Amino acid sequence: MSLLAVGTLAFDDIETPHGRAEMVVGGACTYIALAASYFVQPVQLVSVVGDDFPESTLDDLRSRGVDLQGLQIMEGKKSFYWAGKYHRDLNSRDTLDTQLNVLADFNPIVPPAFRKPDFLMLGNLTPQIQMQVIDQLEERPKLIALDTMNFWMNSAWDDLMKVIKRIDMLIINDEEARQLSGEHALLKAANIIHEMGPKYVVIKKGEHGALLFHEGKTFFAAGLPLAEVIDPTGAGDTFAGGFMGALAARGDLSFAGMKRAIIYGSAMASFCVEKFSTERLADLDENLIRERVEQFAELVNFQV
Ligand code: AMP
C-alpha cells in the first residue's frame, strides 16, 4: 500500500515551560512522513521548501524511506516559518507568527509516480493547495484524510468547505472542531462536520486522547499519562502520520481496523512530545513502538 503525504516542511520557533528551540525543523508533513515511515514504505511526499532548508533533514527523510520526488526547492526563497508559545498546561498554545514564504505561491505538482496512492494524507496547508493535489490524482485513494487549523478557517473558509466535501476523514483538534461547527459538544460538532462531507471525524484532545466518530459509532483513545512533556509541537501531525501509516500497512478499513490505527497514531504522538522538534521521532524502532502500543492497551483494559 502507498501513502501520499502533503503538508508543510518548516522552521519553527518554539517556547514551552521547558525552554526554547529556535529555528528548528518542523512542519506538518515532516512529522507525518517520519511517523508514517515506521509502518509504510515508501511514503511519497509533496511539499515545498526554500533553499534555506537543511539538506541533512532531507537526507534523514530519504534514509527513512520517504520519497522526495514531489518536493520543490525554491531558489532564493525562505521556507515556511511558524512561531508558537505553549501555556503552562502544555495543552494550549498561542501562534506568535506565521510566515507563509514559499507557501504563498506554491503550485503543487504531484509526480506521475505518485498519482495513484492507496492513501492520501492532506496535512495542514492552504485548502486550495490541498484541493489541487486531489485534482491531480488519477484514481481515488481508498481513504483521503485532511488536517486543518483555525488559521485556514479564518483566512480561507470557502476553499476549506470545498475541499472538506471531497474527503473521507477530517482530523482536527477539539478547539478547531468547535470553531468549524459552531457547536461546543463534540458529538454534535462531529455530526455537523459529517454533514459537510467526511464520513469519519477524528477529534484530537491533546494529552487527553482522541475521539473517532463514524456512522453513529464512537471510539475513544486515551492519552498515555507521561512523566514529562517537553514539546507538544507536531503531536497532532505525528498522530495523523502514525494513524495513516498503520492503516496503510494493513489496509483494514473496518471500524476495528480504524480503532487499532488510532492507537498506533496515539503511540507515535506520545513519543513525539518527549523531545523538542522531530528529535524523538528519528530514533524509534518497531519494538519500542510495539511496547508503547501495549501500554495503551493495558491503560484501558478492564473486566465488565
Ligand atoms: P501540530 O502541533 O501537530 O499542530 O503541528 C505543528 C506544526 O505545524 C509546526 O511544526 C508548524 O510548522 C506547522 N504549522 C503551524 N501553522 C501552520 C499552518 N498555518 N499551516 C501549515 N502548517 C502549520
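Reader: Why is Ala 113 called exposed?
Author: Ala 113 has a relative accessibility of 53%, and exposed is the word for residues over 50% relative accessible area, whereas buried means under 20% and partly exposed covers what lies in between (1.4 Å probe, protein chains only). The value of 53% therefore places Ala 113 in the exposed class.

Reader: What kind of model do these values come from, and how are residues numbered?
Author: This is a predicted model, in which local features need pLDDT of at least 70 and side-chain atom pairs count only at pLDDT 80 or more, while totals for chains, interfaces and linings use all residues. Residues are numbered from 1 along each chain as its sequence is written, and side-chain values use heavy atoms, with hydrogens and water left out.

Reader: Where is Ala 113 found, and how far is its C-alpha from that of Gly 70?
Author: Ala 113 is found in the loop between E7 and E8, where helices (H or I, at least four residues) and strands (E, at least two) are DSSP runs numbered from the N terminus. Its C-alpha is 9.5 Å from that of Gly 70, although 43 residues separate the two in sequence.

Reader: Why is Cys 29 called buried, and why is Thr 98 given another label, partly exposed?
Author: Cys 29, found in helix H1, has 0% relative accessibility and so counts as buried. Thr 98, found in strand E7, reaches 24% and so counts as partly exposed. As for their distant partners along the chain, the C-alpha atoms of Cys 29 and Met 244 are separated by 13 Å across 215 residues, and those of Thr 98 and Phe 151 by 9.2 Å across 53 residues.

Reader: How do you know which residues surround the ligand, and which are the closest?
Author: A residue is near a molecule or strand if one of its heavy atoms lies within 4 Å of it. There are 19 residues around the ligand, and Asp 12, Gly 27, Arg 93, Gly 234 and Asp 237 are the closest. Strand E2 (10-16), strand E6 (80-86), helix H4 (150-155) and helix H8 (235-250) each supply at least two residues of this shell, and H8 gives the most, with three.

Reader: What makes the pairing of Asp 12 with the ligand a polar contact?
Author: A polar contact is a pair of N or O atoms within 3.5 Å; within protein, one must be able to donate a hydrogen and the other to accept it, and residues adjacent in sequence count only if both atoms are side-chain atoms. A polar side-chain atom of Asp 12 lies 2.5 Å from a ligand oxygen, so this pair meets the distance cut-off. For Asp 237 the distance to an oxygen atom of the ligand is 2.6 Å, and for Trp 152 the distance to a nitrogen atom of the ligand is 3.3 Å. Taken alone, the ligand exposes 510 Å², of which the protein buries 94%, with areas computed by the Shrake-Rupley method with a 1.4 Å probe and, for residues, only the protein chains shown counted as cover.

Reader: Which side chain does Asn 124 contact, and why is Asn 124 called buried?
Author: The side chains of Asn 124 and Trp 152 are joined by a polar contact of 2.9 Å. Asn 124 lies in the loop between E8 and helix H3 (127-136), and its relative accessibility of 16% is why it counts as buried.

Reader: What makes the phi of Leu 90 worth listing, and is this residue buried or exposed?
Author: The phi of Leu 90 is positive, about 65 degrees, although the residue is not a glycine. Leu 90 lies in the loop between E6 and strand E7 (93-99), and it counts as buried because its relative accessibility is 15%.

Reader: Which peptide bond is cis, and where is Pro 42 found?
Author: The cis bond joins Gln 41 and Pro 42, with omega about -10 degrees, and Pro 42 is found in the loop between helix H1 (28-36) and strand E4 (43-50).
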